[in-house]
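Biologist: Could you walk me through how the labels on this one were decided? I'd like to hear the reasoning behind each call.

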Amino acid sequence: MTEVVMLLAEGSSEATLYVELAKKLLRASKATFNELSISVRDALRPMRKRLAIYKLCGKVILVVLKCGGYENLKHYIKIMLESPSLVDAIDEGLRRLIIAADRDRSPVTSLYNVISSMGLKVALQGNIITINVSNGRSLMLEVVEQGVDEETRQLEDDLKSLVQQVWPIINEVIEKVKSAMGALNSKQTIGIYEAIAVNNEGLPSLIAQAIDKANIDELKAKLPKQIRVMEDLMEICKA
């Protein structure tokens, strides 16, 4: 049976980050909606236009949902959990959801509260929310909180050391700006890299190029939270 892992990305930058990592580390290749089982398709049909689907190996499919904001992310989780096809979808391989969201939204607590309010039995351990859906069937929801408490608590915190590694020449520009204007937070720093390295083409473009230019050891060192997700997917492929 094909296992389906679904990644709910708060925004397009998160989606790009995980898709590019999956391509580089897992040789992910494009798949189609119709390659999913009937019940999985039915459960995901309301969000079909926002999905990107990838094969990771012969028995694992990664479904990436570009949520377009945190409130939408919560909305889509509720839609999935209310789907009459969810139990059958779980039986057909949909057993794991990965949430990529900024720490400033307190996603572990927030999502636990949202799901609990739906009357479902929920267990919380660390960043893992286990949902008892029906008749012993469960859905595991892993929350990857982006950012660090000492900075903006957003994705840019996680990206800063990677872009510094990939484009060291821009570090000189950053230091000149800091000497003229004072300290910069990670969002301001990433904004300068974005302007110079990818000509203001946007954060997703910066992410894609940084991952392309970095070697695997650099990615492991600079993006440990995201790499752990990739390593878990590797283990599923090997099982």
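Biologist: What makes R137 partly exposed?

Modeller: This is a predicted model, and in it R137 has a relative accessible area of 24%. Partly exposed runs between 20% and 50%, so R137 lands in that class.

Biologist: And why is R137 said to be in a salt bridge with D91?

Modeller: The cut-off is 4 Å from nitrogen to carboxyl oxygen, and the N to O distance for D91 and R137 is 2.8 Å, so the pair qualifies. D91 sits in helix α4 and R137 in strand β8, so the bridge ties together parts 46 residues apart in sequence. D91 is partly exposed too, at 35%.

Biologist: How do you know that K55 and E35 form a salt bridge?

Modeller: Their closest N and O atoms are 2.9 Å apart, and the limit is 4 Å. K55 belongs to strand β3 and E35 to the loop between β2 and α2, so this pair joins parts 20 residues apart in sequence. K55 comes out at 36% relative accessibility, hence partly exposed, and E35 at 34% gets that label as well.

Biologist: What makes R105 and E71 a salt bridge?

Modeller: An N to O distance of 3.3 Å, against a limit of 4 Å. R105 is in the loop between β5 and α5 and E71 in helix α3, 34 residues apart. There's a network here as well: E71, K74 and R105 are linked by salt bridges. Over the structure, the count is 13 salt bridges.

Biologist: Then why does E194 have no salt bridge?

Modeller: The nearest side chain of opposite charge, K187, is 8.7 Å away, and a bridge has to be within 4 Å, so E194 has no partner even though it's buried. E194 is in helix α8 and touches N199, N200, G202, L203 and L206, leaving aside residues up to four places away in sequence. L203 and L206 are among the buried residues of helix α9, and α8 is one of the elements covering that buried set.

Biologist: Why is C67 called buried and C57 partly exposed?

Modeller: Buried means under 20%. C67 is at 0%, so it's buried; C57 is at 23%, so it's partly exposed. A search of the whole structure turns up zero disulfides.

Biologist: Last one: what makes the charged end of K30 count as sitting over the ring of Y54?

Modeller: It lies 5.1 Å from the ring centre, where the distance limit is 6 Å. Aromatic pairs are another matter: the search finds zero.

How values were computed
Residues are numbered from 1 along each chain as its sequence is written. This is a predicted model: local features need pLDDT of at least 70, side-chain atom pairs count only at pLDDT 80 or more; totals for chains, interfaces and linings use all residues. Side-chain values use heavy atoms; hydrogens and water are left out. Helices (H or I, at least four residues) and strands (E, at least two) are DSSP runs, numbered from the N terminus. Buried means under 20% relative accessible area, exposed over 50%, partly exposed in between (1.4 Å probe, protein chains only). Lys and Arg count as positive and Asp and Glu as negative; His and the chain ends are not counted. Contact means heavy atoms within 4.5 Å. A disulfide is a pair of cysteine sulfur atoms within 2.5 Å. Rings of Phe, Tyr and Trp (its six-membered ring) pair if their centres lie within 6.5 Å; planes under 30 degrees apart count as stacked, over 60 as edge-to-face and the rest as tilted. A charge sits over a ring if NZ of Lys or CZ of Arg is within 6 Å of the ring centre and within 35 degrees of the ring normal.
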